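User: I'd like to learn how to read a model like this one. Could you walk me through it, feature by feature?

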Amino acid sequence: MASDSHSHSEPGSGPAFLLELDDVRAGYGRAALVLRGLTVRVPAGAIVCLVGPNGAGKSTVLKVASGLLVPRSGRILVDGEDLTGHGPQRMLSAGVAHVLQGHSVFREMTVAENVLLGGYTLRDKALIAERADFVRALFPVVAERWTSLAGLLSGGQQKQVEFARSLMVKPRVVLLDEPSMGLDPKATGVVFEQIVRMRDAGTAVLLVEQNARRALEAADTGCVLDLGRVHIAGPARELLADPQLGELYLGGRPARR
Amino acid sequence: MPSASLVFQSVVLGVLLGGLYALLAAGLTLYFGVMRVVMIAHSAFLILAAYLAWYAHREIGVDPLLTLFVTVPLFFAAGVVMQRLLLTRLRPATLTMMSVLLTFSVALVIEGLLGYAFSGTQRRIRLGYSSASIEFFGARIAVVKLIAFGMAALALLGLYVLMKRSRFGQALRATIQHPDAARLLGIDTDRIAGYGFGLGLATAAVGGTALSLDTTIYPSLHWHWIGPLMAIIVVGGLGSVPGAAIAAMTLGMLQSLLQLELSTTWAQTVFYVALFATLAVRPQGFFGGRLAQRF
């Protein structure tokens with residue numbers, strides 16, 4: 001796998017982690033807490049994957065990290081700076097981009113409009129054009145379907161438009177919520193290839209996946225979530241090789257290797 | 001059977017009427033598209049703008065069109081304030097339903113204030129060109145109807161360009177189509193929604209002024225308008241501005257043609273017939289309106 005050749009976290013240069021969620025408690029309205037003292041750390045240039053059963057709070061982790069949901073307690077640090085309590089605008093300018101679960105393209109707008117809106121906060125037209133060229137080269141489908149209405153694209157193509165849109169601001173970490181949901185195996189393969197390519201281009205990825213085995217194969221680090229806490233964290237390859245973990249969380253199939 | 005020239009006259013009047021309806025309904029579509037708000041008070045604001053045009057003409061003798069320079073910014077600001085102070089206080093889960101009650105009460109307040117300030121007397125603007133008409137291939141067209149249509153066409157064109165070309169328009173459309181994704185791109189969706197609401201009320205200022213040129217107004221007139229306008233946006237597909245424009249044109253034309261054979265009152269029923277037919281056959285509306293599925 002492409003992850004084998006990759007190394008991360010150079011000691012001595014700045015904080016050890018790009019994104020840190022520290023002892024976070026969070027929930028929706030008056031309902032019970034979803035996250036109960038969760039800690040997740042994402043090093044620069046790495047893919048960190050969250051796996052776990054439904055209702056473990058995986059999507060909530062991403063919503064807290066991007067500012068969509070303000071935690072009840074705990075801290076969120078981006079590159080060492082405490083940004084707890086800030087909304088999506090501030091998190092985005094700190095370099096955190098979030099691609100939502102399901103389809104979140106603007107369906108009645110063209111692919112071009114979608115992608116260019118990704119640069120909404122940039123304001124500089126020349127810079128937006130330059131970034132658009134960059135993401136079009138990274139995602140050929142986006143360039144091919146540039147003038148189509150985004151809602152007319154297939155699920156896999158829409159996902160790539162969403163990726164391209166989120167990369168317009170050159171984020172330092174991208175939060176991906178179930179990117180393979182609803183995609184056929186071929187489109188899933190393309191999406192995972194793109195995720196590895198994003199990482200190789202220097203963007204860290206915090207990935208939530210139902211398709212745990214596939215995700216861990218692409219990831220550097222894996223975290224197993226259950227009941228709002230991280231149960232086990234470690235190098236993705238070790239988690240894949242653990243037979244007990246495979247039984248509990250990865251669909252029972254023993255790891256091949 | 002009416003003569004060919006009479007039918008032609010009705011077709012031309014139908015186009016002019018439909019254009020005006022399109023403008024009057026555009027605001028309703030915006031409120032619903034942006035915030036899922038059913039804005040019962042929209043027609044009350046139309047009548048308010050008509051009254052302001054009439055009052056300015058009577059007191060200082062200015063042409064009603066000139067009042068737009070005051071009423072458009074004023075209504076825009078009122079829309080922003082109304083959204084930020086009133087509508088954002090409603091719980092998101094019940095927003096659409098409660099917005100009916102809230103804006104219903106706003107409509108009553110406006111009607112009451114108009115009655116208090118100007119009494120219930122029927123009013124009409126008398127202009128130098130009020131009774132002027134031009135000949136168009138045998139059809140007689142009142143100049144004021146042409147002006148009203150021109151205002152509607154210009155306002156809708158402006159709205160279209162704003163929505164398609166401007167940074168604000170892009171942000172507003174993104175907010176309509178996927179609010180969470182819009183927030184994640186750094187769009188301040190609360191502020192944009194406020195401006196979107198203001199934009200809707202600004203169209204009411206133009207529409208009301210256009211209406212005042214050719215209509216006798218009285219404080220409770222808005223009840224007469226809200227039904228047909230609501231019917232138009234449902235037929236067009238809730239939240240779809242082009243859909244509302246097409247529905248407005250079609251229904252305006254039908255109403256105008258039906259007036260040849262039926263009384264004015266019966267011709268009006270075309271809106272409700274179309275509404276029932278739409279809800280029975282195609283509840284999401286006939287044009288665009290994919291948004292309606294998220295209702």
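**Reading the sheet, the helices and the chain contact**

Analyst: Happy to. Let's start with the sheet in chain A: four strands make an open sheet, ordered β2-β1-β4-β5, with antiparallel pairing. Bear in mind throughout that this is a predicted model.

User: Why is one side of β2 and of β5 in chain A left without a neighbour in the sheet?

Analyst: β2 (33–42) and β5 (81–82) of chain A are at the edges and have a single partner strand each, so one side of each has no neighbour in the sheet.

User: And what holds paired strands together in general?

Analyst: Strands in a sheet pair through backbone hydrogen bonds, in a parallel or an antiparallel way. Here, take β4 (residues 73–78) of chain A: this strand pairs with β5(A) over two bridges, in the antiparallel sense. If you want a spot to click on, V78(A) has E81(A) in β5(A) as its bridge partner.

User: Which helix packs on that sheet?

Analyst: Helix α1 (residues 58–66) of chain A does, and it touches β1 (19–27), β2 and β4 of chain A. The direction of α1 makes about 115° with that of β1(A).

User: Now helix against helix. At what angle do α9 and α12 of chain B pack?

Analyst: For a helix pair, look at angle, distance and handedness. Helix α9 (residues 222–236) and helix α12 (residues 270–281) of chain B pack at about 35°, and their axes are 9 Å apart. The crossing of α9(B) past α12(B) is left-handed. On the α9(B) side the contact includes G227(B), P228(B) and A231(B), while α12(B) brings in residues including F271(B), Y272(B) and L275(B). Sorted by class, that contact has eight nonpolar residues, two polar ones and no charged ones.

User: How many residues does each chain put into the contact between A and B?

Analyst: Chain A gives 17 residues and chain B gives 15 residues. On the side of chain A that touches chain B, α2 (88–93) and α3 (111–117) each supply at least two residues, and α2(A) gives the most, with three. The residues on that side of chain A split into eight nonpolar, six polar and three charged.

User: Last one: where in chain A is pLDDT low, and where is it high?

Analyst: Begin with the whole chain: chain A has a mean pLDDT of 87, with 91% of its residues at 70 or more. Among the elements of chain A, helix α10 (residues 243–249) has the lowest mean, 73, and α3(A) the highest, 95. Then check the start of the chain: over residues 1–12 of chain A, pLDDT stays under 50.

Notes:
Residues numbered from 1 in each chain as written. Chains lettered and ligands numbered in written order. Predicted model: local features only at pLDDT ≥ 70, side-chain atom pairs only at ≥ 80, totals over all residues. Pairing = 2+ DSSP bridges. Contact = placed C-beta atoms within 7 Å. Axes fitted to C-alpha atoms, helices over the stretch in contact; angles between N-to-C directions. Left-handed = near helix turned anticlockwise from the far one by under 90°. Nonpolar A, V, L, I, M, F, W, Y, C, P; charged D, E, K, R; others polar. pLDDT = per-residue confidence, 0-100.
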